[in-house]
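Visitor: I'd like to learn how to read a pair of helices that pack together. Could you walk me through it?

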Amino acid sequence: MEEMEEELKCPVCGSFYREPIILPCSHNICQACARNILVQTPESESPQSRRASGSGVSDYDYLDLDKMSLYSEADSGYGSYGGFASAPTTPCQKSPNGVRVFPPAMPPPATHLSPALASVPRNSCITCPQCHRSLILDDRGLRGFPKNRVLEGVIDRYQQSKAAALKCQLCEKAPKEATVMCEQCDVFYCDPCRLRCHPPRGPLAKHRLVPPAQGRVSRRLSPRKVSTCTDHELENHSMYCVQCKMPVCYQCLEEGKHSSHEVKALGAMWKLHKSQLSQALNGLSDRAKEAKEFLVQLRNMVQQIQENSVEFEACLVAQCDALIDALNRRKAQLLARVNKEHEHKLKVVRDQISHCTVKLRQTTGLMEYCLEVIKENDPSGFLQISDALIRRVHLTEDQWGKGTLTPRMTTDFDLSLDNSPLLQSIHQLDFVQMKIPATPILQLEECCTHNNSATLSWKQPPLSTVPAEGYILELDDGNGGQFREVYVGKETMCTVDGLHFNSTYNARIKAFNKTGVSQYSKTLVLQTSEDTDSEEQTVPFPVPSERLPLRRMSPFSSTLNLQPSFPRRSYFDFRSSPHQLSLHSSLQSLNAPVAWFAFDPGSAHSDIIFSNDNLTVTCSSYDDRVVLGKTGFSKGVHYWELTVDRYDNHPDPAFGVARNNVMKDVMLGKDDKAWAMYVDNNRSWFMHNNSHTNRTEGGITKGATIGVLLDLNRKTLTFFINDEQQGPIAFENVEGLFFPAVSLNRNVQVTLHTGLPVPDCYSSRASIA
């Protein structure tokens, strides 16, 4: 039960919930804490003014206010809370458990209203401290939110189970252990306080005194308040509204807003939702069981690593002793290297154990909380929170997938001692794998030829721990001659231009650092197109066994996908021709062929959901997550569009370009690895390195189209919305390798469209320039 404690604490005060209320976003908050974080909104944003203007809004519409005054301390539209236009700007605060909360509103002016009504200012707004969704209160104020009596009951049982011994409630200093409880007074007494404050005479002689444990049970079994309707306080809940997903009373059905809605029996829906929650818990329980087994596996790995380390050290000592005095000068250094590897493996595994333990604790806490909720016999109270709990259980279960239960480190020590050199080479003795970088791997699916150009891509092995400072790409002369260097640098892709048509070349790559040079990669054979007059062609690796028709695809700087077919074909073969080499990274003219690509599941955040052959993405989280395109650009002009398939609750998706190592768990543009435009339903901003600029009117809705134009010839990045340029040129002096990028949350779904020509308006301006 201890792991459930975080589920029972308010995100604002950090203490157990006191009189919790349920917000429309399904999160809970203490009633007193909710009153403390109210903020007064402008008169024009009140529900009354909206209804008067004829706009059909619910009592709790999420705010559609100017983000300049709602969320920003600068001209950004995003960031820490800065207060409404009608309230003075006040910095954010943090609750005891680290959740960012908003400051309380300024005290309202004195009125002649009753204390209950005066405590909530007119036109007040409350923002959920967990998901930061804001809403404006109606005339009922906080009384319009249902109370979470199920949560109160769970907290009561939890606190009672934590109390080891009941204490006297009347001791002035250190409370003594209670010996009796008076059922009429509902007070626990120790013997001295009972004799002093509750003598067995007079009217008190008729009171019944029971042992403390029996008194605790009687308290627990005392009847609870009957659930009443928030709109009709004198009526009990009797039915369940399927459309609104909430219990209602008979007056709501006869004269309220639920009169035309589908309703079902409260008891039947209570049993149905309990069954659904139980079924969801079964799947989560299996995940928790797998996680426990995985933790056992990780702990066994610690033992195996320690045993393997001891074994490896013993072998190393035996080899060093065989080399007598000369090897003794190196033995300590070699042992230190082994210990370093040992500590590295232990650190990786222990970090994974710690991470998995925290996750399991959270999962177990949620399970225990859900089990306690299932024990509740209050149908309406249960149904108020059941949908949110079911969603949380499914989301938690999904988080255990996607490689979470896979070890990040092997138990073996991939080290070998080279003891073959003669005694004069002893001073150079070292672990070869610990110094020289591993041999690079050519990524065949990303290599191609186009006309008389060849693009090659490579990477370091996945488990390589030795960093490479650079790479050397070599090509032969196409006639079986010597290899020559055509590229030396840190990039992992290169396009070699100026090769002869209808010629065959051999390519290989190696890595280097200060210690030395790695082995060569496997040799790759590639052939250029047949002649200079042929239609543009692109050929992927590896070599096909037959001359089958290939699909046309225009080249770009890094990776290629195959698109519509054409009759001509190009293939790999062994031919020879002299050549002349020159190096570049991509096409360099506005009239360059267009690029086709999709989103990359391999580099995306784990919360991103892919569909439509990786052309459509959304997210399972309320937080912003980043996904990159498979294609990187370093030169040329490239244009792609994204259509908004779904847009709920006015989120702020961001579109732009990023480096390959951009942060994936924050909004695009928050770090210095991304250049983006984020936009809501009213306006947009440009953002790079968390700096917001150029607020521009005009937002997006469902069906909108966002265009991204990356002109690496002019080193600019420009954005379009519905075929119209959005603001000025967003960024200038952009250089290097960029990947298309998007950040979004679960309220947005977009589809990528590539292979598009540059907009005519931009082409005409570029030709004039």
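Guide: Happily! Start with the handedness: α9 passes α11 in a left-handed crossing. Bear in mind that this is a predicted model.

Visitor: At what angle do α9 and α11 pack, and how far apart are their axes?

Guide: The angle between α9 (residues 266-322) and α11 (residues 379-399) is about 25°, and their axes lie 9 Å apart. Angles under 35 degrees count as roughly parallel, and α9 and α11 are therefore roughly parallel to each other.

Visitor: Which residues in α9 and α11 meet?

Guide: First, a general idea. An α-helix has 3.6 residues a turn, so residues three or four places apart point the same way. In this contact, the α9 residues include L266, M269, W270, H273 and L277, while α11 contributes, among them, F382, L383, S386, L389 and I390. By type, the residues of this contact divide into 13 nonpolar, seven polar and four charged.

Visitor: How many residues does α9 have, and what follows just after α9?

Guide: α9 has 57 residues and spans 83 Å from its first C-alpha to its last, close to the expected 84 Å. Just after α9, I324 takes a positive phi of about 55°.

Visitor: Where does pLDDT stay under 50?

Guide: Where pLDDT is low, the predicted coordinates should not be read in detail. Here, residues 96-118 stay under 50, and residues 532-593 are also below 50. Across the protein, pLDDT averages 76, and 74% of the residues score at least 70.

Definitions and conventions. Residues are numbered from 1 along each chain as its sequence is written. This is a predicted model: local features need pLDDT of at least 70, side-chain atom pairs count only at pLDDT 80 or more; totals for chains, interfaces and linings use all residues. Side-chain values use heavy atoms; hydrogens and water are left out. pLDDT is the predictor's confidence in each residue, from 0 to 100. Contact means heavy atoms within 4.5 Å. Axes are lines fitted to C-alpha atoms, for helices over the stretch in contact, and angles run from 0 to 180 degrees between N-to-C directions. Helices (H or I, at least four residues) and strands (E, at least two) are DSSP runs, numbered from the N terminus. Angles under 35 degrees count as roughly parallel, over 145 as roughly antiparallel, 65 to 115 as roughly perpendicular and the rest as oblique. A crossing is left-handed if the near helix is turned anticlockwise from the far one by less than a right angle, and right-handed if clockwise. Ala, Val, Leu, Ile, Met, Phe, Trp, Tyr, Cys and Pro count as nonpolar, Asp, Glu, Lys and Arg as charged, and the others, Gly among them, as polar. The expected span of a helix is 1.5 Å times one less than its number of residues.
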